[in-house]
Number of protein chains: 2
Amino acid sequence: MTEYGPTPGTAHIVDDDEAIRDALSWLFKSRGIASSAWPSAEAFLADYRPQMRGCLVLDIRMEDMSGPELFDRLRSQGCRMPVIYLTGHGDVPLAVQSLKNGAFDFIEKPCNDNLLADRVAEALALDAEVNQRASQQASVAERLASLTQREREVMDAVLAGKLNKVIAGDLDIAMRTVEVHRARVFEKMGVKSAVELAKLLAGN
Amino acid sequence: MTEYGPTPGTAHIVDDDEAIRDALSWLFKSRGIASSAWPSAEAFLADYRPQMRGCLVLDIRMEDMSGPELFDRLRSQGCRMPVIYLTGHGDVPLAVQSLKNGAFDFIEKPCNDNLLADRVAEALALDAEVNQRASQQASVAERLASLTQREREVMDAVLAGKLNKVIAGDLDIAMRTVEVHRARVFEKMGVKSAVELAKLLAGN
DNA sequence: GGGGAAATTGTGGTTTTCCGCAATACATCC
DNA sequence: GGATGTATTGCGGAAAACCACAATTTCCCC
């Protein structure tokens, strides 16, 4: 029943209690949610790949590396998957701290099966959304990185609403040169106008 | 020591225990934080005004109306002030639910004075920021509301990057008319170009 | 030395944007 | 009826943006 790999939309279960892992796998499967399971934080970390998509269902207390420690390690590796803590030993400060650290939810065991499955489904949807947005932003960043310094200077001036002749004066170059850079910026950024460019960079 | 009114940056203490209110007032005062205190949720609600600025330091358990109930009431009245719950009777589900409902923090009594004062200071800073942003957005919304229907249609097309002659064709009007509406939109929105307009509406 | 990229510039022409000035038509309000 | 606001349109002229075609210079790499 264990699935492995960069499978989109997978609930990754990390718990040292095998009975819990099995029960959760079964629950998720009954809800049409793909899942994979790991017996320890170290095991998950060893297999972690940045392309993994989905969410984490994390126990708090585990031998050696704890849930929050794994969370911190993953975050420092750039992992943005939503994390749901599932624990039988929570207290208020720990719950509050976990949520303020960015956990998606903090649920005490035993818990309502439907509630948990619902929250996992929501976490998966959030991951899909975050991933899509990150993908777009990476594409924009890549195009921005392809600009030469001069092109970038002209782009900034264009985005500040300046006329070509003003930009030319500011940069001490010919207006024709401004036009050339401007056209190159639009081409590289894949837009047709300054408005489109402004909107693209606003993350719209 | 109680201060009252739409004073920017005030910590509003709501607790039915007078000793707590006094202690908190004293603590905040020693940290240069203005505060005001109310003995009940109802008392605060009766005095609430939308112009109030600052944050709330809320007890959870109070006679009649509870902290979370006050929270819900304030939110439904559009109040965006950050809320810090201060409680001696918290449990994990309550803490988690409160934070997921948008509370700024959830702190158990007794607590560290410095930590609480720090969090209140942070909450006040957040409120100032949120308030400033809301103010700007209200100004933009007001200007948007001043546009006639035709002006709005032309604005949407301009923001879509269309040429005046294309807009004219789409709306079945003369190009000169498009120019007139376009100029009116820029004037009402206080911008000089389509780029500025795009940026203004992106919330930049 | 040759090739490629980046920066720069000019010429001439086209398209698009901008706007003063003027006018008409319609609806609403006092 | 008069005033006001909105929508519309035309004319003529100016400014700004856009670009094909062409060219030169500099720097870096093989």
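**How the labels in this model are earned**

Me: Why is B:D64 called exposed?
Reply: The relative accessibility of B:D64 is 68%, and exposed means over 50% (buried is under 20%, partly exposed in between; 1.4 Å probe, protein chains only). The value is over the cut-off, so B:D64 counts as exposed. Before we go on: this is a predicted model, where local features need pLDDT of at least 70 and side-chain atom pairs count only at pLDDT 80 or more, while totals for chains, interfaces and linings use all residues. Residues are numbered from 1 along each chain as its sequence is written, chains are lettered from A and ligands numbered from 1 in the order in which they are written, and side-chain values use heavy atoms, with hydrogens and water left out.

Me: What makes the phi of B:D64 worth a remark?
Reply: Phi of B:D64 is near 60°, a positive value in a residue other than glycine. Most residues other than glycine have a negative phi. B:D64 lies in the loop between β3 (54-59) and α3 (67-76) of chain B; helices (H or I, at least four residues) and strands (E, at least two) are DSSP runs, numbered from the N terminus.

Me: Why does A:D172 count as exposed, and where does A:D172 lie?
Reply: Its relative accessibility is 69%, so A:D172 passes the exposed mark. A:D172 sits in the loop between α7 (164-171) and α8 of chain A, with a positive phi near 60°.

Me: What makes the bond between A:K109 and A:P110 notable?
Reply: The peptide bond joining A:K109 and A:P110 is cis, with omega about -10°. Most peptide bonds are trans. A:P110 belongs to the loop between β5 and α5 (113-145) of chain A. In chain B, a cis bond joins B:K109 and B:P110, also with omega about -10°.

Me: How do you know that chain A and chain B are in contact?
Reply: Contact means heavy atoms within 4.5 Å, and 22 residues of chain A meet that rule with 22 residues of chain B. The area buried between the two chains is about 1,600 Å², with carbon and sulfur atoms giving 70%. Buried area here is the accessible area (1.4 Å probe) that two parts lose on being put together, summed over both. A:V92, A:K100 and A:V195 supply 31% of the area that chain A buries against chain B, more than any other three residues.

Me: Why is the pair A:D105 and B:K100 called a salt bridge?
Reply: A salt bridge needs a side-chain nitrogen of Lys or Arg within 4 Å of a carboxyl oxygen of Asp or Glu. The N to O distance for A:D105 and B:K100 is 2.8 Å, so this pair qualifies. The rule finds two salt bridges across the interface of chain A and chain B.

Me: Which elements make up the side of chain A that touches chain B?
Reply: α4 (92-100), β5 (105-108), α6 (149-159) and α9 (194-201) of chain A each supply at least two residues. The largest share, six residues, comes from α4(A).

Me: Which residues come nearest to DNA strand C?
Reply: They are A:T148, A:R150, A:A174, A:H181 and B:R182, out of 16 residues around the strand; here near means that a heavy atom of the residue lies within 4 Å. Sugar and phosphate account for 62% of the strand C atoms that come within 4 Å of the protein.

Me: What makes the approach of A:R150 to DNA strand C a polar contact?
Reply: A polar contact is a pair of N or O atoms within 3.5 Å; within protein, one must be able to donate a hydrogen and the other to accept it, and residues adjacent in sequence count only if both atoms are side-chain atoms. A polar side-chain atom of A:R150 lies 2.8 Å from a phosphate oxygen of strand C, so the pair passes. A base oxygen of strand C is 3.2 Å from a polar side-chain atom of A:R176. α8(A) gives the largest share of the surface near strand C, five residues.

Me: How do you know that A:E179 makes a polar contact with DNA strand D?
Reply: An N or O atom in the side chain of A:E179 is 3.1 Å from a base nitrogen of strand D, which puts the pair inside the limit. For the side chain of A:K165, the partner is a phosphate oxygen of strand D at 3.0 Å. A backbone N or O atom of B:A174 lies 2.5 Å from a phosphate oxygen of strand D.
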